[in-house]
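Welcome! Here is a friendly tour of two sheets and a pocket, to read alongside the structure shown next.

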Amino acid sequence: MTKRKKGKVAVASLLGMLAGIGMIASACIDMDTKDCSKKTARSKESFNENWKFARFGPSPIAGGDYIDEPGVVRKESNFFKTWASSTEASQKTEYAVDGDKDSRWCANGAKNNQWVKIDLGKKMDISKAKIAFEFADKSYAYKLEVSNDGQSWALANSGNAKDPQFDLNKAARFVRLTLTDANKSRWASVREIELFDKNGNLIKPEKKKEKKVVCKISPSEIKFDDSNWRKLNVPHDWGIEGPFRQDLPGNTGKLPWKGIGWYRKDFKVPACDANKKVFIDFDGAMSNSKVYINGNYAGGWAYGYTAFRIDATKFIKFGETNKIAVRLDTVNWDSRWYPGAGIYRNTWIVMTDKVHLDHWGVQVLTPKITKNCGEVKVVATVDNESDSAAKVQVKTEIYPIDKNDVKGGKVAESCSKTMKIAAQSGQATLTTNLKVVNPKLWDIIAPNRYVVTTKVFKNGKLVDVKDTKFGFRILEFTKRDGFKLNGRRVEINGVCQHHDLGPLGAAFNVRAAERQIEILKEMGVNAIRTSHNPAATEFYELCDKMGVLVQAETFDCWDRGKRKLDYGKDFNKWWKRDIEALVKRARNHPSVFMWCIGNEILGLWSRDKAKLGRQISDQVKKFDITRPTTIGSNYGEAYKKGFAQAVDVFGFNYNIWQYGKFNKYCKKPNEMYMGTETSSCISSRGEYFFPVTRNNKANFQMSSYDVSHPGWGCTPDTEFKELDKHRDCMGEFVWTGFDYIGEPTPYNNDATNLLNFTDPKQKAAMAAEMKKLGKLQVPSRSSYFGIVDLVGFKKDRFYIYQARWRPNLPMAHILPHWTWPERVGKVTPIHVYTSGDEAELFLNGKSLGRKKRGKYDYRLKWDDVKYVPGVVKVVAYKNGKKWATDTVKTSTPAVKINLTADQKVIKADGYDLSFVTCDVLNAENGVVPRSSNLVKFSVEGAGEIIATGNGDATNHTVFSSKKRKAFNGKVMVIIRSKKGVKGAIKLTAQSEGLKGATITLEAK
């Protein structure tokens, strides 16, 4: 590769572009049937179909046996084999007999008669026993039983004592200890069970030197028999299949995502392509991937979020059947949220000539843009992997493209340029300058795009051609005026988004992601932060097409991990390659306007970490100097420790009291800041608790009055006030746009919560809350942070953001609902979100007063309203004129259900989706709040039900279920087309005691 000169960091004027490839083909073409004479210079086909899959390692079922991996030689455990009635996450049964009194087995809940059972391996004389309970100073009621077969049990001892010791004088193979008086403050929990032989010696498990060979043949080998494996298409996420398990941690969604997954696939490459290069591209595989082709190790990647390429050429048998096998290991991966598991993004097979454009080898720059002329600089890197030196010509053309990627008329082209490239992995880079007359700018308002077509010729023959999409736009980051796009200030109205797609898990789907963006744009979102990792290629493409800015993020940690097996263990070896892959893949997308090099990194208070941050920023700048870097800092004064200089724009995660201090301390023009993560308000759709206070919560739900937040966060109103007071701040990325799987704060006792605190008192308060949660059986398995719930239903909070971010949209929204039969005569506050500047509230036609918004008011409140059934209506005004209205009514009983589809016509490609909302309605066609009717779904025709959901963070029904309870009146069912099957799709919903509903969709 030719060396690039180190360029000056562009901050004040950053210029745009858009990367490389179109949406994937909907089908995987059988390459063996293709006529080589008709093939193009470069082919790229979906590699998604016809895989086989099997899962090994930890069982997805609670208490299930370990599933041995074929071909793996593993030592037998040197622990006694143990079982338990239940086990709290991370408190394993074997810890009760591991010889370590600092570890413990703990039952999962406060129920009585929880037990732990031990298999000694053979019948042994047991002279006495010692038991150490979790709390040495407390008495526990217990019974100890023995058995020779594990079925018939005899009582050996019982009592109520502190750490009892007693004689047994029994011969037995199995021992079972049951705690009979567990309660909420003292669960069944044992630090150690010690058993002694007839000589008074501690009985220990025999050291097993022998090794266990499950199967001598690994799935990596060609002759491995996978005939019984499951057939499926990717993207695929094995973790989302469930089942939800109470014993698993809530921070990763109570889903069994940890395992060893193998994928295998047969494919053919025509014999006439024997002189071609063959690549397999993975857009992401979670995680620790190893790829084998025809039994040979071909490569892999540790970080499951990074896109990578496998050069399969030297392993391919042209004209024959080839076998690819992919091993993924999430057992050795940790996460603070649900990461998914499997080949969960798209795959492609790419074939080129041995002289070809490098992977992500075309960079498009727009160094100067005026109204009349847009300068384009195309940097193309060509590889020569043939056995002889090559003399090649490169020609470049530019076309406008529409929203469907269809090219318009040619607007610029270059003459052919010639360069010589050495043989056998030689590489050369050629720069071409072109001009486009009267360029149409890419903007969040009008996302105009162009495509560069790069053609490579060898000896006059076209050997490679590649389209690279880009856009003309001017980015400016200023110290006083914030962020400017194409010359005008644009406040960043952004949200943070994790990568899961709710009930679909981490398995990427274009339509599901597009729908999320549509909902966010309706709210007024103009930017998304990819928290906390690179996103799917198609996500960036969707944002390009839909006019949404993207802050592309890298890692959640650097060299110090937040969990034992997270990216911290891989950082030193992999970070440079991961940065290169992210930046090269995304650098041409006009939507990408910033690079975030890390989130809440441990050690932000250290100047040494700032030096490392500078190194990471420099690595980004090796591949793109047109966008600034930033960092999400939860340490409020990290900018004083060198981070204001380590990155181009300093990012505050919370710490809003620092907004006014930043510019007083950082005075240089290139020292700027923004809110990279804000608010962390928590709520459950349709849930309201009284009185309306910050910490009022119940039933593992959060009030939708939008006043609750953890200690590090704030309400939306508080963040808005700080942004209005400090106009030099570029804007915010709210945590989060949608709810996501895992991290169910405040019902999450994951210790990484404490990383958000620098104030000792706040940290101590959170630690106390976490300790309390550690003694509760918490069902929560997904977040409460979302402005939109997990399935895409809008929470009340949607409307406070819409009121601010779309000030010209006439809107008003009342909360709460008005069906409170138990609250007659009780104070039931009413809040109104509106883009108007004042509003009058009416209850049963009587005015409750007209209120005007003050300077820092973002909602109107009538806090003393006493509940009576009837109708609540608000009339909002703007500049003295009627602006918008909203009405809520006391509901009558539920009588029917109704189905509404977001798309009534979908493509018959096996990927397209229709999201169908099922509402529980009363006779007046109003949604019945607080209704929880069980709804059963069935489908006929050209589609299938792939998931259901309701937005309830505590619901443990698997997402694939075809029946689900409504949560506050709503259920979502997701329909997918069948590949190649056209025609009607009839969805029926039924619920006992209600009139059913049917909707007909069409697959075309």
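Leu 365 stands opposite Lys 377 in S22. S21 and strand S22 (residues 373-384) pair in the antiparallel sense over nine bridges; two strands count as paired if DSSP finds at least two bridges between them, and strands are DSSP runs (E, at least two residues) numbered from the N terminus. This is a predicted model, in which local features need pLDDT of at least 70, side-chain atom pairs count only at pLDDT 80 or more, and totals for chains, interfaces and linings use all residues. Residues are numbered from 1 along each chain as its sequence is written, and side-chain values use heavy atoms, with hydrogens and water left out.

Both sheets below are open and antiparallel.

| Strand order | Edge strands | Average turn between neighbours |
|---|---|---|
| S21-S22-S26 | S21 (355-369), S26 (426-437) | 20°, direction ignored |
| S49-S51-S55-S53 | S49 (894-901), S53 (943-949) | 25° |

For these angles, axes are lines fitted to C-alpha atoms, and angles run from 0 to 180 degrees between N-to-C directions. In the four-stranded sheet, seven bridges join S49 to the antiparallel strand S51 (residues 913-922). Lys 896 has Leu 921 in S51 as its bridge partner.

Now for the pocket. The second largest one has a volume of about 1,100 Å³. Here a pocket is an open set of points on a 1 Å grid where a 1.4 Å probe fits, with protein on both sides within 12 Å along at least five of seven lines, and lining residues have an atom within 4 Å of a point. The volume is the space filled by probe spheres set on the points. Of its 40 lining residues, the closest to the centre are Lys 794, Tyr 799, His 813, Val 927 and Lys 970. Elements giving two or more residues to this lining include S49, S51 and strand S55 (970-977).
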